[in-house]
Structures are given as C-alpha cells and as structure tokens.
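Subject: A structure for you to explore

Hi there,

Here is the structure I promised to pass on to you. Have a look around first, and then read my notes below.

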Amino acid sequence: MIELGKIPIKDNSSIVEARNKIHLLAKDLRFSSMSATRLATITSDLSRNIYQESIESSLTVSFEERKGIFGLVLIFQGKRTDLNIKHTELFFDNLQIVSTKDGLQKIKAFKYIPDPEFKPTKEFIDMEKERLIRLSREELFNEVKKKNEQLLKILDERKKMWEELQNAHASLNMAKAEVDRKVRIRTQQFQKAKEEAERANQMKSIFLASMSHELRTPLNSIIGFTGIVLQGFAGELNDEQKKQLEMSYESAKHLLSLINDLLDISKIESGELKPDIEEFNIAELGIEIRDSFMIMAEEKELELIFNIPDINIFSDKRRVEQILLNLVSNALKFTAKGKVEVKAHKKDENIEVIVEDTGIGIKKEDFHKLFQPFVQLEYTITEKAGTGLGLYLTKNLVQLLKGRIQMESKYGKGSTFTFILPIQYKG
Amino acid sequence: MEREVHLPLYYLSNIRDKKMEKNGKKKILVVDDDKKSRYLVSFLLEKEGFEIIMATNGLEGIEAAEKQQVDLIIMDIKMPKMDGHETTRRIRRLKKYKSIPIIALTSYVITEDKEKALKAGCTGHMSKPIAPETFISEIKKFLEVKDEKSNSS
C-alpha cells in the first residue's frame, strides 16, 4: 500500500474538494472520462454519507498492487451508514465495509487502474500526494473565513467584556460618588459638632471668667474691709471682736482661693492656660516659700527644713510656686509633730522635688482618690479644711509644666510627695 | 516685666518727708465702677493725707484727669463700657499725663493681665483684694520713683 494522502471531510466544501481531487487523480490515471466522473460522483456520495459534524471523518487515498497490477484504494472513514451501495459495489472491483469498535465505519473500495502496465514512479506519487494534501482556493478561503469568524467571535466577546467592564466602572464611579457625598456630609456634620463643642467650651470659659469676677468683687470688699478693721485702722478692737473678725477674714480668703482654684482648673482643662516661661533660681523660690510658712511652722512647733540646691531652671515661676505652696501647706496642715522637709536634686534633664512630712499619712486604699477633685479623706478633715481642689490642681499644674507627680505614704507615719519637672521647659 | 525699683528704706523715707513738705498734698485719682472698692481705697489713702478724686467709669476718669493735674491714678481694669486698658491709653495721650504713674488694679493677676496692663501704658499693677498693711507703702513707692525721675530730668 502506497498512501497518497488523507483528505479530512469536515464540511460541505471539503466534500466538493474531495470529489474534484479524485476526479483529477482518475484522469491522471487514464480512467475513461465517464469512469472518472463516476468515481468522482461516488466519492462525493460516500463522503456525504459518512460525514457527521461531531465525528472525525476522512477519505484516505492509496495505491495497492494485487497480482502484479496496481489499483486505486479509497477508504472512507466516519459515520455508520445504511446506504444501499449495490450500484457502487458494481463499479469497484472490490468493496469492504468494516464496522470499527468505536461505532464508526470504514468503507474500503478498490479499483484496478485501466493500464495494467502502470507502475507509480516516485515523481508521480509525490506530485499526486502534493495535490491531494494541498488546500484549494476555496478551502483556503474557508479556512480564512473560519479564522475570521473565530476572530470576530473573540472580538465580539472582548467587546462584551469591555462593555461589562465599562458598566462595572460606571457603577463603581457612581458608588464612589455616593461614598464621597456621604463622607462630605459626615465631615460637615463632624465639623459642625466640633465647632459647637468648641463654642460651648468657650462659652463655659467666658461664663466661668465673668462669674468668678462677679464673685470676687464683693469678696474683695469683704476681705479688704475686714483687713482694715483687723489692722485697727478704723479703731481699736477688743479680743473677742478681733477673734471673730479673724475667722470671718479666714473664711473669706478660703472662699477666694476656692474660686481661684476653680478658675485655674477650668483654664487648664480648656487648654487656655499657657505657661509663662522664665529663668529663675529654685533655691531662691524655696527661701520665699519657707519664709511665708515659717510662722505657721513655729506655731505648730514643727521643724521646717528646706534643702534645695542652687539651680536655675526655665519654667513658669508662678506655677512652680503654686505647686510648692500647695504641697508644703498640705504637709504642714496634716502634721501634728515632727518635721516637714523639702529636698530637691538634679536628675538628668529634670529636677526632682520631694516634700516629706511626718504627719498622719494616707491609707493605701485611698491612694487613688488623692488626685481627684473634691475628694477629702475623712481622717484628713481638720478645722482648716482645704478647698478639695488643691492636689487636683497641683497635678494639673505639674502636667502643664510637662512634669509628673507621685505619692508614697504610710498611714500614721507620714507622706512623701515627689514631683519631677524638666529643667528646660519645651512647649 | 513690672517696673519696680527697690530703694533702701532709709533713703526712701528721708526723701519722702522732704517731698511731702515741698509739694504739699498729693492728688490721687481713683477710677473704679465698684462703690465699695472706691471707698476702701480712698479710706486708706485719705488717712495718709492724700487728696482723693473719684471717678465711677472710664469717661469720668478721663474728664477728671483733664480738668485737674493729679499725681497718681489708680485704675480698676474690669469696668463696663470702657475698661481700664482703654481708659489708660486715652489718658496717656494727654500731654500732662505722659509720665504720671497709673496703677492697674486687677483681681487675681495672671501674667497675661499684667502684660496687658503694662502694654496699655500702666506703670505697675496691684491685685485685689487689697492688703491694707502694704497698700499705702506700695503707692508711696510709685510716687517716689516718679519724683526721682522728674527731678533728675
């Protein structure tokens, strides 16, 4: 068997193609014109019968030598047919129909070549091979058309994808605009709420400032006149009058310091109070404070010791003074006997100030209450009650100056308050 | 900063006695909207022999200062309508009040208040409540400093 080629039968045009190629081959093999036409027609018929789109169908063309004479072999492979091939059988010299295992059919047709002397040369075989395999113009056109269709289909799919993408993009843009709008509204709401809160805070500060002015004006008169009378500027007083007036004087001053503390706290809390930084000597400040408490310490027969090194610091002098006044005054107030000692030393970039007393001390369970506003511990309530704001304000002042304060105490033994401030305040 | 000059006490008292004789009764203008506060200040000053002129608001204060020459002005800062700062600025524009001491009277002085008062043209400040035991000596100090200045120029 010399195979010349295999023609795939895949559509109508390939059937026409197979018919034409067989017709030409038959002519080359010197079949009679009628036989050639017959052969072509049969090829066309059989091809059509075995063709089915889903099955791989083909026509294989070969030469076969039987008893020294060459014949043409056509093998149609494809769909099983129940075609009546009686007249076809008559035309060929031999026809075999074989059903293959996969449910397909093979029709093998054999016909002797008219010239019994015919021997296929290599040149002849090559030429026919090429012709069989070569695609016709129509086939080429179909191939291109098919490719084109495929391309168009792909293009169509791409177009659809692009459109979908465009749609997705558009809805995304819409969603984004919606989110933007919501964010804008929310931001406006926040801004408004913030402004309102700021305004309310400002109102509070203004209210407190004017309120404290209104409260202080009559109080200043009370303190002023009481002072004048106490000094004897308006005439001599007897001892009882003096004693009672002193009480009134103390009460008025207490009320004033309460108002002042409240105003300070409100200013610190609203961030209005800015430290006024200057260079000053902490030892000199210590001497001033010691002098102002000396009489009180002597009256209570307490030792008041100041041990502060000669260091210049950059901070708010008035506020540091206020912190020290509060702590020393507390220590003296809550110490019945023994001493109150104020020490200080440099610690890296900071100054550590310690106010230590041998007073009543603070119970451990009360430690956390200590720096809260308006908290006065039962056992600390003395005749000269404080404002209940002193330590809270002190803590706030220390923080204002970028420092920190802590406390240690043993109930019945005494307390130690330590505050640490940067030597050089940095805003 | 507050312009305070600390002179030795013996020096001060010597000069004071001589000046008091030489210049006679000194006039002090008290500008304050609070009646009781005015009374308190004038009570202390009159006891020392000063002549007191009182004004109940800024405009009255300016008017009083224009009408007669006073030696020192005590200026309450917190007043309705025209506050002490504005009143001080206007008085300072008058030729004869370029260097007269004007003392700001403020309750609960914080540093900013001090600076504001000095910026408006005040010479110094004192805080309310007034401490009767030191008030007079502070006022006298301001008067002496002023006399020193005008004598040396």
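Below are my notes on the chains, the aromatic rings and a few single residues.

Please keep in mind while reading that this is a predicted model.

**The two chains**

Let's begin with chain A, which holds nine helices and twelve strands. Of its 427 residues, 39% are buried. The surface that chain A exposes comes to about 25900 Å², and 53% of that is supplied by carbon and sulfur atoms. If you take the contacts in chain A between residues at least 6 apart in sequence, 69% of them join residues at least 24 apart.

Chain B has 153 residues, and 50% of them count as buried. You will find six helices and five strands there. In what order do the elements of chain B run from the N terminus on? The pattern is α-β-α-β-α-β-α-β-α-β-α. Chain B exposes about 8200 Å², with carbon and sulfur atoms supplying 51% of that area. For contacts in chain B between residues at least 6 apart in sequence, 66% join residues at least 24 apart.

**Aromatic rings**

To describe a pair of aromatic rings, we give the distance of the centres and the angle of the planes. How many aromatic pairs are there over all chains? The count is eight. One of them is formed by Phe91(A) and Phe92(A): their ring centres are 5.2 Å apart and their planes are at 80°, which makes the pair edge-to-face. Both Phe91(A) and Phe92(A) are buried.

Another pair is made by Phe225(A) and Tyr39(B), with 5.7 Å from centre to centre and 35° between the planes, and this one is tilted. Why does this pair join two chains? Phe225(A) belongs to helix H5 (residues 137-231) of chain A, while Tyr39(B) belongs to helix H2 (residues 35-47) of chain B, so the pair joins the two chains. Phe225(A) has a relative accessible area of 24%, so this residue is partly exposed. Tyr39(B) is partly exposed too, because its relative accessible area is 49%.

There is also a cluster to look for: ring pairs link Phe63(A), Phe118(A) and Phe124(A).

**Charges over rings**

Go back to Phe91(A) for a moment. The charged end of Lys111(A) sits over the ring of Phe91(A), at 4.3 Å from the ring centre. Arg66(A) does something similar with Phe110(A): the charged end of Arg66(A) sits over that ring, 3.7 Å from its centre.

**A patch on the surface**

Which residues form a nonpolar patch on the surface? They are Phe207(A), Met211(A) and Leu215(A), and together they have about 280 Å² of accessible area. Phe207(A) is found in helix H5 of chain A. With a relative accessible area of 52%, Phe207(A) counts as exposed because the cut-off for that is over 50%.

**One more residue to find**

Finally, try Ser13(A), which lies in helix H1 (residues 12-28) of chain A. Is Ser13(A) buried or exposed? Its relative accessibility is 13%, so Ser13(A) counts as buried. Ser13(A) and Asn142(A) are 129 residues apart along the chain, and their C-alpha atoms are separated by 8.2 Å.

Enjoy exploring, and write to me if anything is unclear.

Best wishes

Definitions and conventions:
Residues numbered from 1 in each chain as written. Chains lettered and ligands numbered in written order. Predicted model: local features only at pLDDT ≥ 70, side-chain atom pairs only at ≥ 80, totals over all residues. Heavy atoms only, no water. Phe/Tyr/Trp six-rings, centres within 6.5 Å; stacked < 30°, edge-to-face > 60°. Buried < 20%, exposed > 50% of the residue type's maximum accessible area, 1.4 Å probe, protein only. Helix = DSSP H or I, 4+ residues; strand = E, 2+ residues; numbered from the N terminus. Lys NZ or Arg CZ within 6 Å of the ring centre and 35° of its normal. Patch = residues over 30% accessible without salt bridge, like charges linked within 9 Å, V, L, I, M, F, W, Y side chains within 5 Å. Areas by Shrake-Rupley, 256 points an atom, 1.4 Å probe, with all protein chains shown as cover. Salt bridge = Lys/Arg side-chain N within 4 Å of Asp/Glu carboxyl O. Contact = heavy atoms within 4.5 Å.
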